[in-house]
Structures are given as structure tokens and as C-alpha cells.
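Q: Hi! I have a protein model open and would like to go through a few of its residues with you. Can we start with a strand?

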Amino acid sequence: MVPATTAKPLLEMPSSWRRVETVKGLSRATDNDVGTFGEVNYFFSDDPDRFSLDKDTGLILLIARLDYELIQRFTLTVIARDGGGEETTGRVRVNVLDVNDNVPTFQKDAYVGALRENEPSVTQLVRLRATDEDSPPNNQIAYSIVSASVFGSYFDISVYEGYGVISVSRPLDYEQIPNGLIYLMVMAKDAGNPPLNSTVPVTIEVFDENDNPPAFSKPAYFVSVVENIMAGATVLFVDATDLDRSREYGQESIIYSLEGSSQFRINARSGEITTTSLLDRETKSEYILIVRAVDGGVGHNQKTGIATVNITLLDINDNHPTWKDAPYYINLVEMTPPDSDVTTVMAVDPDLGENGTLVYSIQSPNTFYGLNSTTGKIRTSHVMLDRESPDPLEAELMRKIVVSVTDCMCPHTPGSTHTWAVGPDAQGPGDLPTDLSPGGPEAHPGGLCLDHKNGATPWAATGVESHCPCPPPFLSFSLSLFLLHPSFPLLTRSLPGPPGGRPPLRATSSATVFVNLLDLNDNDPMFQNLPFVAEVLEGTPAGVSVYQVSFPFRARGITSIQPMHGHWVAACAQPRAGHCMAAGQGMPAENTRQGTITPGLQSQCYER
């Protein structure tokens, strides 16, 4: 009897099953024969690779994983054969049911989008798509942004025509975005249970807009330099910052420019301001420059920052004093009283402050005149001016005053000596006293000393006080240190030196004051070789010259010579020439005598 089945079995199993031990809905074949002929065995008509068949029981076993996405249905042909060799066939249909076993897969490994900063909104920044090979509803996909490096709340994602579309809802600020890149992570999730998901990176590149001008660290720079700074020397660095962070518009694009004086230039990239030539404070003492910083924008898109640079030149002693109105010519009456004004000499020095403070002095010792070292006023001294002095050196000193001028320089005039003692804890120059002025907080009677501990004074300092003639009065010290204990190293300290030009510059030439001494009738006439002896013959007519007297003219203004007393001679007929003549009647011949004439000089009326 041929085995038969009551019905063809229909088998359905999930695609995720890897093995089944029974095939539900399969009816076993029956054979009415008895004995050996009634025994039925089962076989596949082919050799399926995913199923096996128990020949005794007819059970179909799953031996490999099923994949719905590859094969949704299997049809198996089963042969039932009895012991007599009779057989029949049956078919088993296996439908594979879908399960959510496939994750969504993006079409690209990464996505990139771009926009410019400050754009108000971008509706389609990036379009991306993921697919799921599962069957509905497992393959239905939803998109979401799961992370953002910055500005996460500014981005949205929606589904449009099967694509996930990323949009930005608000303007972005490039300066708050590191390197101008925003990194998003987008997830695609299916509708399976449980759902499966995958992610993909999305990079948003933001392009910089030139929306920030360069800004200097200070609106105004103030710097002081000495006027003898060499050409090409650095004055200062200016620095501008541009908050734009791109190479095109940011810090690296800044270019500096300078205006206001050709004496300075600026490095366009570094902002270093240097001199182009030698400077002279006496020509111009202050410069106000304008420095500009422009970024890489073009035309109206370019941004500019502005600052001022105020450069003050510090004076150095580089100008010699020069005289005004030299040489000087004055008239001065001899015998002028002491401390009388003679004249005032004046020199100018365009240097500033102490460098331009002048000190006047008489170059050679001159006992006839005194000089105020500050004002240049010359006065007579207590030595009288005598125009008729026979000493040639004195005559020259009275008639010529040589004055020199120099920048204020303080000669170190020895004064009182002060001693400072430093205690045993002194470790270096920093432990020396800073207040070294007499009468300071640490002053002691008889000098300036610091208290010391335990009577030990390993250090001592001696200062010599000196005063400066330059106004204002200045007290300076010359300080020396000497070792009192061999265990201490040698210390030195320099105290502030005196003010004034360093080095002091003298005038290119001294000024000379020429004094024209006017004569004063301060000398009586004097005869020489007195008495005069003359012999006159009796009977000499009146008016005949009998003798000529002589005298030195030390003083101008001799007006007449008059006989004081004498015999027979009544007058001197030519008083200015010194001729004495007989006066009155002629001398009687019988009375020839020798007489003495004593003339007198008068200078009250005539002055030449």
C-alpha cells in the first residue's frame, strides 16, 4: 500500500531562528501494511543547506540561520518510503518571518556642510539618508541630533522625502567656534522592537565674516626715550587684536601703518616702532603719532583700529652753552665803590633742566671783580679800581674780565663726615641704610649712625657731605665702605650723584668784558727834583723866560702853575708849559742875587 499524507504541511518560522526540532503542521505519512512493509522512512528529494530531516520521525530540523532579507520562502520536497520500496512525496513550504535584525545604514560614512557666520537661517544645511533592509514597520527610520560640539540648540533635523535634513535656526558666531568647525552626531533609529540605531558624524564648517575691527591694547601709548637714541632703535611695540579668528580676517591678517612723523617707522607685521634718524629734543621734544591696524577685508568690508603714540624725548647734555652779545664793552669810573653793579653777562643752553642750568665763573683770578655764578652779574670787589696803577698786570685785570660758563656741575666740596654702621645681620647691599641725610630718622648727635646689635659692627660706611652751587641746593654724599670683620664679603653701594650736565659742557669760547676806566681827579700834581734853582741876571726884562719846570702828568687836568713865594719873580708867564718869567720892572744891575722859586700846581678848573 502506498503511504499517503493527509495534507501537505505548511511551516512558518521566524528568520532569526537558528534551529527547530519539530515542524509544526506536518502530518506523518501512514502505511496500512504491516510488518516491514509498513515501516516508513523520510528523505528530502534534494539536499537543502539550511534544513535536515529525521528519517524515522519525519521531523524537519533548522541547521542554519535564515535571513529574511535574502530568502523569504523555502519549499522542501519530502519523500516517504516504506519497507517494500513504495514511496510518495509531500511538500513543505517554509515562510520566513521578518524580525528587526538590521540596523539602519547611512549612505555615507560622514557628511559635511558649510555656511557663513551671521547667516540668519539655513533650511537645508546637510541632507543625509539611512536605509534599513528590514520589512515594514521595522525599516521605518527617525533621525535625531544626539550631540554637538557647540551651539547644539541652534540645529534641527527633520525628514523630507526620506532624507534627514539638517537646518540652522539662528546665526552662528565664528569667533566662538573652535577652528570654525562644529561637529554633530546624527542618529538613525528604526521602528523595530527593540529598535536598532546607528550614528554618523556630520561636520559643519563655518566661514568667518569680517565683523570685528582690530582693537589696540591701549587707546593711547605713552613712552619716553632719550634724545640720543640711535637710528633704527626700538621705541616700543604696539599690539592690536582682531577677534576674527580666520587667517583671512583675523590676527594674522593685521597690517600696521604709522603717520605723524618721518622720524619713526613701524613694522607692518610686528607693530615694532623704530627711529629712522637721530632725534634732537631741542628741535622737537614731543611727537604724537597715529598708528593704524587694518585687517584683511577688502573695500568697505575692511575694518580699521586706531591708537595714538605719544613719544617724549628725554634731554641729554648735548649742547654747549653759547654767549649772547659777547664780547661786552662797558664804561666804568675808577674808584667805583665796592659791590657796585658792573654788567651782567648771559649765556644760553637749550638743554633742559639741570643740563641747561649754567654756572658762570671768572676764568683767571681777578681780585677787582666778583661774579654771581648763577645770574652772571659782575660786581666790583673791595679792591679799589685805580686807573693810574703802574702795575701792568693790575691794569689788565681792571680792564679785561674773562668769564667762562659751564653746565651745572657740582664740585665736591669737602664738608662734614658721617659714619653709618650696619649690624651683624647684614647680608648685602640691600641692608644698607636708605635714608642717609643728616637729621633723618636714624640721626644721632655728632653724625648719622644706625643701631647695631650686641655691639658688633662688621660693616661701617663713611660719607663726605658736599653742597652743590646749582639751584636748587643739592646735598650729595661720597660713600665708601670698609670691612670691619673678615667673615663678611665686601659690599659697595652707590648713592645718587650730583645734578647737572654729565659730562659738563663748556662754552665754545669764553666771553670777554672790556672795561673802559674813566678818569677821576683823584691825584695831586707832583714836581720832580725840587727845589728848582735858577740864576737871573739883573736887568732882565719882564716877560723873559728864566726857567722851565717839569712834573709828571699822572692826572689829567693840570690848569696852571703859580709861584707860591719867592724873591724878584712875580709870576710864571706860561703856566701850562712850565715856563717861569720875570715879572714887573727889570732887575737892578747892582743887586744880582740868587733866589729859590717854589711853584704850586692847581688843577681845579681845567680837565682835559
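A: Happy to! Arg 81 is found in strand S5, which covers residues 73-82. Keep in mind that this is a predicted model.

Q: Okay, is Arg 81 buried or exposed?
A: In between: Arg 81 is partly exposed, with a relative accessible area of 32%.

Q: And which residues does Arg 81 touch?
A: Leaving out residues up to four places away in sequence, Arg 81 touches Glu 39, Val 40, Asn 41, Phe 43, Glu 86 and Glu 87. With Glu 87 there is a side-chain polar contact of 2.9 Å. Phe 43 is 38 residues from Arg 81 in sequence, yet their C-alpha atoms are 8.0 Å apart.

Q: New topic: how many aromatic pairs are there?
A: The count comes to eight aromatic pairs. Take Phe 264 and Tyr 287: their ring centres are 5.1 Å apart and their planes are at 75 degrees, so this pair is edge-to-face. Phe 264 sits in strand S21 and Tyr 287 in strand S23, 23 residues apart.

Q: Why does Phe 264 count as buried?
A: Because its relative accessibility is 4%, and buried means under 20%. Tyr 287 is buried too, at 6%.

Q: What about Tyr 329 and Phe 514, how are their rings arranged?
A: They are stacked, with 5.2 Å centre to centre and 15 degrees between the planes. Tyr 329 lies in strand S26 and Phe 514 in strand S38, so the pair ties together parts 185 residues apart in sequence. Tyr 329 is exposed at 63%, whereas Phe 514 is partly exposed at 32%.

Q: Last one: which residues make the nonpolar surface patch?
A: Val 333, Met 335, Met 384, Leu 518 and Leu 520 make a patch of about 370 Å². Leu 518 lies in strand S38.

Note on methods. Residues are numbered from 1 along each chain as its sequence is written. This is a predicted model: local features need pLDDT of at least 70, side-chain atom pairs count only at pLDDT 80 or more; totals for chains, interfaces and linings use all residues. Side-chain values use heavy atoms; hydrogens and water are left out. Patches are made of residues with over 30% relative accessible area and no salt bridge: like charges are joined within 9 Å, nonpolar side chains (Val, Leu, Ile, Met, Phe, Trp, Tyr) within 5 Å. Accessible areas come from the Shrake-Rupley method with a 1.4 Å probe; for residues, only the protein chains shown count as cover. A salt bridge is a side-chain nitrogen of Lys or Arg within 4 Å of a carboxyl oxygen of Asp or Glu. Helices (H or I, at least four residues) and strands (E, at least two) are DSSP runs, numbered from the N terminus. Buried means under 20% relative accessible area, exposed over 50%, partly exposed in between (1.4 Å probe, protein chains only). Contact means heavy atoms within 4.5 Å. A polar contact is a pair of N or O atoms within 3.5 Å; within protein, one must be able to donate a hydrogen and the other to accept it, and residues adjacent in sequence count only if both atoms are side-chain atoms. Rings of Phe, Tyr and Trp (its six-membered ring) pair if their centres lie within 6.5 Å; planes under 30 degrees apart count as stacked, over 60 as edge-to-face and the rest as tilted.
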